[in-house]
Amino acid sequence: MLWDMRRDAERRATAAAQSLVQVLSRDIARSVAMYDLSLRAIVDGWRLPAVMNADPETRQLILFDRAANAENFGHTLVFDRTGKLIISSKSPNPEPLSYADREYFQYHATHTDLGLHVSAPIVSRLTGRWALIISRRLSNPDGSFAGVVLGSIYLDYFRQLFAAIDPDHAGSVTLYGPGGTIVMREPFDEQLVGRSVSATDSYQGMLQTRQGVFTGPAMIGEGTRTFAFAQVGELPLQLSIALTAEDIYAAWWQKALVLAAVVLSLCATTVVLTTLFRRELTRRRAAQRATAALNAELQKLASTDALTGLGNRRRFDEVLARECQRATRTGKPLSLLILDADHFKGFNDRYGHQQGDAALQLIAQAMHGTIHASSDTAYRIGGEEFSVILPDTDEPGAEAVANRIRQVVLAQAMPHAGNSHGLVTVSCGVASIPAVRDIDPVALIAAADAALYEAKRRGRNQVRTSTSAGRHVFVIEGGR
């Protein structure tokens, strides 16, 4: 049991470290990407004569957005081909200092790469604070070197970020810049900032893959560490959490000593206590199983339409919101069908509500028998209104599914004298991401609903897509 507890402590410690590394690396990558957008805007503005010939105040307003002046983001600067400072986000008329000796300037002057360059941390000449420099090359129309635009991220940003995530986490958090230079370390030690660990075996091991966990010699200090690490986006930055054996097993040692003392003192009563514990555990498991079964039944009742057995509106809203988030994250298509029984009020008035229920069940069975049960889901979201969510399905595929459902309903041949077709039919509107640009449940529903109204307007018993229906919601007098 002690050995299992020891292995579990190691698993939990490394899993927590990996999760923390992933969270921190994503936050850093997003911040750098946001700041890089400001640099790209300046590079684009540089190419426009109207911008560069404007007066200094107007040019500063055009080139620098609010991200350039965000907290912990330092000066955003533009240098000409000689290294002279000509534009600053903090002042419309900066002092023309020379930065030609800086590593980032010399890099861009000798490389034609137009991508983002990340430099090792340096002390800013303007503020005297440690900063991480990101920069881009400015080029003339003929491709020759025209200067450099840079942004600086104060290292206090990383320090605050590391401290805010989890102040009680185990191990030391370290962000490495190009060439293995230490950008920030928590617990903080200013003397370590800018120090290179590129020659250490552990740092070289981190460079072999984007992320992972391994045990190796400490980069700072002595002994062995367990490293959970990850590359920060596509940047030349690595983030690691180094755990010592004391970090991993501190709680385990306390439990082991207490448990050993308890075992030695209670050997005589072990059998009795084990029997009582087993009885209590069995009772609790039985109670938990009963509670779980009841909760599952309640959950099913809360999310299922009693008449058709399909998901209800509440379940529809939950699943659609989740699938929209997934489509946003993965970039894969997502389609939504909204179906409506044609002239259903007239059907109820003529044949009665019991027959109306049968018609709704028929439509539900047609939907259930047509969609893929493994991925697609069907719902009753209103009186005679239904919906189908189709993940990973583009507009043509969704339109084909809608037509199959319509044809199955029509093939059931349920009489409906109030329908021009003489039978129970359905109309359907189709909306798809990315055909609908707003990846938002409300926008997707509105687009599908507009397509449904277009199908109604054109005579019912048909399928219309949001691209064919346009972006308008059509209102039909007298109901659908």
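This report walks through a sheet, the nonpolar cores and some salt bridges in a predicted model.

## The sheet and its helices

Let's start with the strands. Five of them make an open sheet, running β8-β7-β11-β10-β9, with antiparallel pairing. The edges are β8 (182–186) and β9 (211–217), each of which has a pairing partner on one side only. From one strand to the next, the twist averages 20°.

At the β8 end, β7 (residues 172–176) and β8 pair over 4 bridges, in the antiparallel sense. One pair to look for there is Y176 with its bridge partner in β8, I182.

Two helices pack on this sheet. Helix α1 (residues 2–46) touches β7, β9, β10 (224–231) and β11 (238–243), and its direction makes about 155° with that of β11. Helix α5 (residues 155–165) touches β7, β8 and β11, with its direction at about 30° to that of β8.

## Nonpolar cores

The largest nonpolar core takes in 48 residues, and I28, F158, F162, L175 and L239 have the most contacts inside it. Helix α1 is the top contributor, giving 12 residues.

L175 is a handy spot to zoom in on. Leaving out neighbours within four places in sequence, L175 is in contact with residues including I28, F158, F162 and L239. Its other contacts include T181, I182, V183 and M184, plus V232, L237 and Q238.

A separate core of 29 residues lies apart from that one; L310, I363, M367 and V424 are among its members.

## A residue on α1

M34 sits in helix α1. Is M34 buried or exposed? Neither, quite: M34 counts as partly exposed because its relative accessibility is 39%, which falls between the 20% and 50% cut-offs. The C-alpha atoms of M34 and G143 are 26 Å apart, with their positions 109 residues apart along the chain.

## Salt bridges

The model has 22 salt bridges in total. In α1, R11 and D8 form one of them, with their closest N and O atoms 3.7 Å apart. These two are 3 residues apart in the helix, so about one helical turn separates them. D8 is partly exposed, at 30% relative accessible area. D8 and R11 also belong to a salt-bridge network with R12.

Now for helix α13 (residues 441–457), where R457 and E454 are likewise 3 residues apart, so they are separated by about one helical turn. Their side chains meet in a salt bridge at 2.9 Å, N to O. E454 also forms a salt bridge with R458, at 2.5 Å between the closest N and O atoms.

How accessible is E454? E454 is buried, with a relative accessible area of 2%. R457 is partly exposed at 47%, and R458 is partly exposed at 44%.

Conventions. Residues are numbered from 1 along each chain as its sequence is written. This is a predicted model: local features need pLDDT of at least 70, side-chain atom pairs count only at pLDDT 80 or more; totals for chains, interfaces and linings use all residues. Side-chain values use heavy atoms; hydrogens and water are left out. Two strands pair if DSSP finds at least two bridges between them. Axes are lines fitted to C-alpha atoms, for helices over the stretch in contact, and angles run from 0 to 180 degrees between N-to-C directions. Contact means heavy atoms within 4.5 Å. Buried means under 20% relative accessible area, exposed over 50%, partly exposed in between (1.4 Å probe, protein chains only). A nonpolar core is a set of buried Ala, Val, Leu, Ile, Met, Phe, Trp, Tyr and Cys residues joined through side-chain atoms within 4.5 Å. A salt bridge is a side-chain nitrogen of Lys or Arg within 4 Å of a carboxyl oxygen of Asp or Glu.
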